[in-house]
Amino acid sequence: MGSLDLTGRVALVTGATSGIGAATAELLAQRGAHVLVAGRDSSRGDSVVAAIRARGGKADFVAADLREAQSVRQLARRAVELGGGRVDILVNNAGIYPFGPTEKATESEVDTVYALNVKAPFHLVAELAPAMAERGGGAIVNVSTMVAAYGALGMALYGSSKAAVELLTKAWAAEYGPRGVRVNAVRPGPVRTEGTAGMGDDLSVLAAQAPAGRPAEPQEIAEAIGYLVSDAASFVQGALLPVDGGRTAV
Ligand code: NAP
């Protein structure tokens, strides 16, 4: 039967200097993958890499600002070099989530949210999925959000960007799935990360609406990603997996 083990695989995780991405990088490395930790902040990146190496894992930091398509493509090429000619697993996790009324969003905010949340995954998949398909195997996980599933107040910009990512997940499953590349998404609910630290009590208030009644820890989202990229999920393709404490079920 399928296994969670990732020995011998090369995994690129974006936004791996913080929160869900850092927890995912650590989990995938623990399961044997060589993890390429992507982000902009090299001191945070270096400390994620150091933590992985301290436990005997294999990791390298790759700096990239994903707002520019050219830098996204460079990241993909650098990742292939560091991976010894291959990337087997891609986790599109880097993302920003500004909330607020539609009329208050500036043109630059709209452009940045779409550049990072939608266009960066698009270009990374364009760069990496064809080679995975040629090798006959690979796994891609896109990190969405529960608010891509329903209309939440103040989340039009963010939710719509992730709704695009969810359709891309299904479109890429159709496009690359027949050649062995499994493409799936996780839909987290509220998670305690560096990025949500500034929300204070609002995070718990949001989380209280779900059966679990609390925010998740980043490791709880990483566990779902770790499953989806592994052989244990060999027949899971094009799925949008809620990891939201039950919020979208009720
Ligand atoms: P976070 O703590 O805010 O960290 C964001 C990550 O994205 C950092 O590693 C950051 O790295 C990277 N990043 C930001 N801007 C970037 C840019 N321009 N270029 C390259 N990398 C950039 O994030 P998080 O809360 O763990 O969220 C991770 C993902 O989960 C996001 O896609 C988010 O939408 C989704 N999500 C989060 C929650 C939640 O409650 N936290 C809920 C549902 C979904 P650097 O600063 O090093 O560049």
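## Following the ligand into its pocket

Let's start with one contact: a polar backbone atom of I20 sits 2.9 Å from an oxygen atom of the ligand. Keep in mind as we go that this is a predicted model. Two other residues also reach the ligand through their backbones. In L66, a backbone N or O atom is 2.9 Å from a nitrogen atom of the ligand. In N93, a backbone N or O atom is 2.7 Å from an oxygen atom of the ligand. How much of the ligand does the protein bury? On its own the ligand would expose 890 Å², and the protein buries 93% of that.

Now widen the view to the whole shell. There are 32 residues around the ligand, and the ones that come nearest are S18, R40, Y97, Y158 and T193. Sorted by class, this shell holds twelve nonpolar, 13 polar and seven charged residues. If you like to think in helices, look at α1, which covers 19–30, and α5, which covers 156–176: each of them supplies at least two residues of the shell.

So where is the ligand sitting? You'll find the ligand in the largest pocket. That pocket has a volume of about 860 Å³. It is lined by 43 residues, and N93, A94, G95, I96 and Y97 are the closest to its centre. Two of those names should ring a bell: N93 has the backbone contact with a ligand oxygen, and Y97 is among the residues that come nearest to the ligand.

Which elements build the pocket's lining? At least two residues each come from α1, β2 (34–39), α4 (107–135), α5 and α6 (201–207). The largest share belongs to α1, with three residues. By class, the lining has 21 nonpolar, 15 polar and seven charged residues.

There is one more kind of space to look for. Rolling a probe the size of a water molecule over the atoms shows where empty space is left. How many cavities of 30 Å³ or more turn up? The count is one. The largest cavity holds about 30 Å³ of space. Its lining is made of T14, L66, N92, N93, A94, L116, A120, P121 and L124. Here α4 gives the most, with four residues. The lining has six nonpolar and three polar residues, with no charged ones. L66 and N93, which help line this cavity, are familiar too: L66 has a backbone atom by a ligand nitrogen, and N93 has one by a ligand oxygen.

Terms used:
Residues are numbered from 1 along each chain as its sequence is written. This is a predicted model: local features need pLDDT of at least 70, side-chain atom pairs count only at pLDDT 80 or more; totals for chains, interfaces and linings use all residues. Side-chain values use heavy atoms; hydrogens and water are left out. A residue is near a molecule or strand if one of its heavy atoms lies within 4 Å of it. A polar contact is a pair of N or O atoms within 3.5 Å; within protein, one must be able to donate a hydrogen and the other to accept it, and residues adjacent in sequence count only if both atoms are side-chain atoms. Accessible areas come from the Shrake-Rupley method with a 1.4 Å probe; for residues, only the protein chains shown count as cover. On a 1 Å grid over the protein atoms alone, a cavity is a set of points where a 1.4 Å probe fits but cannot get out, and a pocket is an open set with protein on both sides within 12 Å along at least five of seven lines; lining residues have an atom within 4 Å of a point. A molecule sits in a cavity or pocket if more than half of its atoms lie within 2 Å of its grid points. Ala, Val, Leu, Ile, Met, Phe, Trp, Tyr, Cys and Pro count as nonpolar, Asp, Glu, Lys and Arg as charged, and the others, Gly among them, as polar. Grid points are joined across faces, edges and corners, and a volume is the space filled by probe spheres set on the points.
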